[in-house]
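I opened a fresh page for this one. My plan is to look things up one at a time and jot down what I find.

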Amino acid sequence: RCGLPLSTYFSGVKLRWLIDNVPDVQRAIEEGRCMFGTVDAWLLYHLSGRKVHATDITNASRTMLMNLEEGQWDTSLCETFGVPTEILPQICSNSEIYGHVAAGCLEGVPIASSIGDQQAATVGQACFRPGQAKSTYGTGCFLLKNTGTTVVHS
């Protein structure tokens, strides 16, 4: 469903740990004030003046909570991990108007794109056709391949 192996590398497992081990997180969920997201969701939330709780599909796909074929949060996976779907950000495409910058010198400027770092590097290297791939080296070594519309499980 999510295309990922069960691993503590992905944020769904980390969120489960937080729910189980951090009383403030448990309390925030019970009180309806908990919001979860990867760094892109945090940035969008703060840039938009706390109006937009969204993530792009590439970041959502690395949580172990998104159904790859539907491009939405998978209720079965969320139930398995004990993650309430209402705390998750809305999943959006990489290129759309998410909202507008709420303050500062860029106030009013549309926030019109978001993409995960490895996936962004793939776009930057123009790997637009199925079969094209790229490798990046940094905190890890990552090889990403454009599979087109075919879902390939890790």
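What percentage of the 154 residues in the chain is buried? I looked it up: buried residues make up 37% of them. Note to self: this is a predicted model.

**Entry: overall build**

I went through the secondary structure next. I found six helices and eight strands in the chain. Reading along the sequence, I wrote the pattern down as α-α-α-β-α-β-β-α-β-β-β-α-β-β.

Then I checked the overall dimensions. The C-alpha atoms fill a box of roughly 45 × 45 × 30 Å along the principal axes. The radius of gyration is 16 Å, and a compact globule with 154 residues would have one near 15 Å, so the two agree.

I also looked at contacts between residues at least 6 apart in sequence, and 48% of these join residues at least 24 apart. For the surface, I noted that the chain exposes about 9,400 Å². Carbon and sulfur atoms supply 55% of that area.

**Entry: the cores**

Which residues have the most contacts inside the largest nonpolar core? My list reads Leu15, Met64, Leu65, Trp73, Val83, Ile87 and Leu88, in a core of 21 residues. I then checked which helices feed into this core: H1 (11-21), H2 (23-30) and H5 (75-81) each supply at least two of its residues. The largest share, three residues, comes from H5.

I picked Trp73 for a closer look. Leaving out residues up to four places away in sequence, Trp73 touches Thr55, Ala60, Thr63, Leu65, Met66, Cys78, Leu88, Pro89 and Ile91. Leu65 and Leu88 turn up on this contact list, and I had already put both down among the core residues with the most contacts.

There is also a second, separate core, and it has seven residues. Leu44, Ala54, Cys92 and Val101 are among them.

**Entry: a nonpolar patch outside**

Which residues make the nonpolar surface patch of about 410 Å²? I got Val39, Trp42, Leu43 and Leu47. I followed up on Leu43, which sits in helix H3 (residues 39-47). Leu43 has 42% relative accessibility, so I put it down as partly exposed.

**Entry: salt bridges**

A reminder I wrote in the margin: side chains of opposite charge can pair when their charged atoms come close. I counted four salt bridges in the structure, and I looked up some of them.

Asp74 pairs with Arg1, with the closest N and O atoms 2.9 Å apart. Why does this pair tie together parts that are 73 residues apart in sequence? Because Asp74 lies in the loop between strand S3 (72-73) and H5, while Arg1 is in the segment before H1. Are the two partners buried or exposed? Asp74 is buried, with a relative accessible area of 3%, whereas Arg1 is exposed at 54%.

Asp20 and Arg16 form another salt bridge, and their closest N and O atoms are 2.3 Å apart. Both residues lie in helix H1, four residues apart, which is about one turn of the helix. Asp20 is partly exposed at 47% relative accessibility, and Arg16 is partly exposed at 23%.

I also found Arg33 and Glu31 meeting through their side chains, at 2.5 Å from N to O. Arg33 has a relative accessible area of 51% and counts as exposed. Glu31 has 49% and counts as partly exposed. Those two labels puzzled me until I checked the cut-off: exposed means over 50%.

**Entry: Gly108**

Where is Gly108? I found it in the loop between strand S5 (99-100) and strand S6 (110-111). Gly108 is partly exposed, with a relative accessible area of 41%. Setting aside its neighbours within four places in sequence, Gly108 is in contact with His100 and Val101. I had met Val101 before, in the second core.

I also looked up how far Gly108 is from Glu31. Their C-alpha atoms are separated by 32 Å, and the two residues are 77 apart along the chain.

**Entry: Gln119**

Last lookup of the day. Gln119 lies in helix H6 (residues 117-124). Buried or exposed, I asked myself of Gln119? At 18% relative accessibility, Gln119 counts as buried, because the cut-off for buried is under 20%. Not counting residues up to four places away in sequence, Gln119 touches Thr58, Arg62 and Leu144.

Terms used: Residues numbered from 1 in each chain as written. Predicted model: local features only at pLDDT ≥ 70, side-chain atom pairs only at ≥ 80, totals over all residues. Heavy atoms only, no water. Core = buried A, V, L, I, M, F, W, Y, C linked by side-chain atoms within 4.5 Å. Buried < 20%, exposed > 50% of the residue type's maximum accessible area, 1.4 Å probe, protein only. Contact = heavy atoms within 4.5 Å. Patch = residues over 30% accessible without salt bridge, like charges linked within 9 Å, V, L, I, M, F, W, Y side chains within 5 Å. Areas by Shrake-Rupley, 256 points an atom, 1.4 Å probe, with all protein chains shown as cover. Rg over C-alpha atoms; globule rule 2.2 N^0.38 Å.
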